[in-house]
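Reader: I would like a close look at one part of this structure, with its packing partners described step by step. Please start from the contacts and build outward from there.

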Amino acid sequence: MPMLKKFDIGVLESIAKVLGDTDRGFTGSEIAKLLAEAGIADPFPDFTKRKRLFEALQQKQEQDRCANNICAFIQKAMSPARHLDNHE
C-alpha cells in the first residue's frame with residue numbers, strides 16, 4: 001500500500017469528535033480496545049474521549065509520517081461486525 005499523506009489537524013479533530021461522541025460514539029473502554037487492537041498508544045487514558053482519540057491518532061500519524069495507520073484504525077472502528085449488537 002502506498003503511503004497516504006498525513007491528515008491535517010482539522011481532519012483528525014473531526015475523526016476524534018465523531019468516534020468519541022458522547023451519545024453515539026465509542027465508550028472509553030471501547031476506545032482503549034480499538035487503540036490496542038490497532039497498535040496505537042493511548043497516551044492520555046484519563047482525557048475526554050475526543051481529546052484522547054485526537055492525541056493518540058495525532059501522535060501515531062507523526063510517528064509514522066503518514067495516515068496509513070489512521071485509515072486502518074477507522075476501518076477497524078467502523079467494521080459492520082463491531083456494530084451488530086448496537087440496535088437503536
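Which residues in H1 meet which residues in H4?

Author: In this predicted model, the contact is made by Leu12, Ile15 and Leu19 on the side of H1, and these meet Ile70, Phe73, Ile74 and Ala77 in H4. Sorted by class, the residues of this contact of H1 with H4 are seven nonpolar, no polar and no charged.

The geometry of this pair can be stated as well. The axes of H1 and H4 lie 12 Å apart and the two helices pack at an angle of about 20 degrees. Because angles under 35 degrees count as roughly parallel, H1 is roughly parallel to H4. The crossing of H1 and H4 is left-handed.

To place this pair in its setting, it helps to step back to the chain. The chain holds four helices and zero strands, and from the N terminus on its elements run α-α-α-α. Of the 88 residues in the chain, buried residues make up 28%. When contacts between residues at least 6 apart in sequence are considered, 60% of them join residues at least 24 apart.

Returning to H4, which spans residues 68–77, its buried residues are Asn68, Ile70, Phe73 and Ala77. The cover over the buried residues of H4 includes helix H1 (9–19), H2 and H3. Ile70, Phe73 and Ala77 have already appeared among the residues of H4 that H1 meets, and Phe73 and Ala77 appear again, together with Lys76, where H4 meets H2.

On the H2 side of that second contact, the residues are Leu34, Leu35 and Glu37. By class, the contact of H2 with H4 has four nonpolar, no polar and two charged residues. Helix H2 covers residues 28–37, and it packs against H4 at an angle of about 130 degrees, with the two axes 10 Å apart. H2 and H4 are therefore oblique to each other, and H2 passes H4 in a right-handed crossing.

H2 also has a partner in helix H3, which runs over residues 49–64. The axes of H2 and H3 come within 10 Å and cross at roughly 10 degrees, an angle that makes H2 roughly parallel to H3. Here H2 contributes Gly28, Ile31, Ala32 and Leu35, while H3 contributes Lys49, Arg52, Leu53 and Ala56. This contact of H2 with H3 divides by class into five nonpolar, one polar and two charged residues. Leu35 of H2 takes part in this contact with H3, and Leu35 is also listed where H2 meets H4.

Since you may be thinking about the cysteines, a search of the whole structure finds zero disulfides. The reason lies in the distance: the sulfur of cysteine 66 is 8.9 Å from the closest cysteine sulfur, that of cysteine 71, which is too far for a bond, given that a disulfide needs the two sulfur atoms within 2.5 Å. Seen from the other side, the closest cysteine sulfur to cysteine 71 is that of cysteine 66, again at 8.9 Å and too far for a bond. As for their surroundings, cysteine 66 counts as buried because its relative accessibility is 7%, whereas cysteine 71 has a relative accessible area of 25% and is partly exposed.

Notes. Residues are numbered from 1 along each chain as its sequence is written. This is a predicted model: local features need pLDDT of at least 70, side-chain atom pairs count only at pLDDT 80 or more; totals for chains, interfaces and linings use all residues. Side-chain values use heavy atoms; hydrogens and water are left out. Axes are lines fitted to C-alpha atoms, for helices over the stretch in contact, and angles run from 0 to 180 degrees between N-to-C directions. Angles under 35 degrees count as roughly parallel, over 145 as roughly antiparallel, 65 to 115 as roughly perpendicular and the rest as oblique. A crossing is left-handed if the near helix is turned anticlockwise from the far one by less than a right angle, and right-handed if clockwise. Contact means heavy atoms within 4.5 Å. Ala, Val, Leu, Ile, Met, Phe, Trp, Tyr, Cys and Pro count as nonpolar, Asp, Glu, Lys and Arg as charged, and the others, Gly among them, as polar. Buried means under 20% relative accessible area, exposed over 50%, partly exposed in between (1.4 Å probe, protein chains only).
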